[in-house]
Amino acid sequence: MNGISGSTAIVTGGGSGIGREAAVRFGEEGAAVVVADVDVDGSEQTAELVRDAGGEATVTETDVSDPDDVQAMVDTAVETYGGLDFAFNNAGIEGKSDPAGEHPLDNWETVIDVNLKGVFLAMRYELPAMLESGGGSIVNTSSIAGVVGFPNLSPYVASKHGVIGLTKTAAIEYSGEGVRVNAISPGIIDTPMVQRSQEDDPEAMEQTKAATPIGRLGAPDEIGDAAVWLCSDDASFVTGETLVIDGGYTAQ
């Protein structure tokens with residue numbers, strides 16, 4: 001992909017799943033990657049894969065809901081590699097499942113803190129660093145739950161709808177300054193998060209797969225590749241967009 005080699009990228013939630021695959025793809029394209037996650041062991045494994053793929057990698061233990069952690073993450077990219085070109089703000093959690101009228105307040109706060117506040121904080125500190133570097137590209141992970149509703153998942157759905165709103169707003173604010181901002185809305189992807197859901201409610205997961213026109217789960221690299229493409233010069237006229245990658249689920 002054009003424009004990735006020699007760049008610096010941050011990937012949050014990089015310790016596994018979609019984040020790991022995106023980090024490795026950045027490495028294959030010749031980028032230096034800051035792998036950020038609360039899971040340090042997973043991040044170290046990802047970093048090793050990035051190096052094996054031909055890139056450079058550094059790990060930061062980052063809770064994206066903590067402003068100090070997020071500031072330190074961005075500082076690490078700038079201090080280690082001289083600037084920041086790209087960010088894939090991918091960290092997220094699913095939370096508990098309960099109807100809106102019965103949903104635990106602590107779960108609401110936790111999910112919103114990670115999934116929505118975490119994306120805001122990431123952009124809050126990434127954008128100035130990218131402007132200092134002359135521009136860049138940000139990709140935020142939403143979900144098909146940011147496009148349609150799902151019962152019993154009110155904080156998750158609200159957070160993912162919010163990510164799309166943040167993405168559109170930042171795109172309008174910063175496109176004239178050389179920073180593009182887009183979102184990806186994955187469908188049901190074979191990640192540790194989905195595997196946990198499958199264990200909790202295998203029947204519901206089978207119904208979801210059956211309702212997907214392609215008839216299977218997505219693979220993490222299918223999302224990671226798209227994230228890197230959105231950062232590349234090949235997507236230079238794309239900003240404020242939400243790319244839905246869901247095997248046709250929301251086309252119905």
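Which residues of α1 are buried? In this predicted model, where residues are numbered from 1 along each chain as its sequence is written, local features need pLDDT of at least 70, side-chain atom pairs count only at pLDDT 80 or more, and totals for chains, interfaces and linings use all residues. Side-chain values use heavy atoms, with hydrogens and water left out.

The buried residues of α1 (under 20% relative accessible area, 1.4 Å probe, protein chains only) are G17, I18, G19, R20, A22, A23, V24, R25, F26 and G27. Because 10 of its 12 residues are buried, α1 is largely enclosed by the rest of the structure. Helix α1, a DSSP run (H or I, at least four residues), comprises residues 17–28. Its span from first to last C-alpha is 17 Å, close to the 16 Å expected at 1.5 Å a residue. After α1 comes G30, with a positive phi near 95 degrees.

Helix α8 (residues 220–231) packs against α1 at an angle of about 50 degrees, the axes (lines fitted to C-alpha atoms over the stretch in contact) lying 8 Å apart. The two helices are therefore oblique to each other, a class for angles that are neither under 35, over 145 nor 65 to 115 degrees. Their contact (heavy atoms within 4.5 Å) involves G17, I18, E21, A22, R25 and F26 of α1 and P220, D221, I223, G224, D225, V228 and C231 of α8.

A second pair is formed by α4 (residues 105–132) and α5 (residues 154–174), whose axes come within 8 Å and cross at roughly 15 degrees. This makes α4 roughly parallel to α5, the term for angles under 35 degrees.

How values were computed. Expected span 1.5 Å × (residues − 1). Buried < 20%, exposed > 50% of the residue type's maximum accessible area, 1.4 Å probe, protein only. Axes fitted to C-alpha atoms, helices over the stretch in contact; angles between N-to-C directions.
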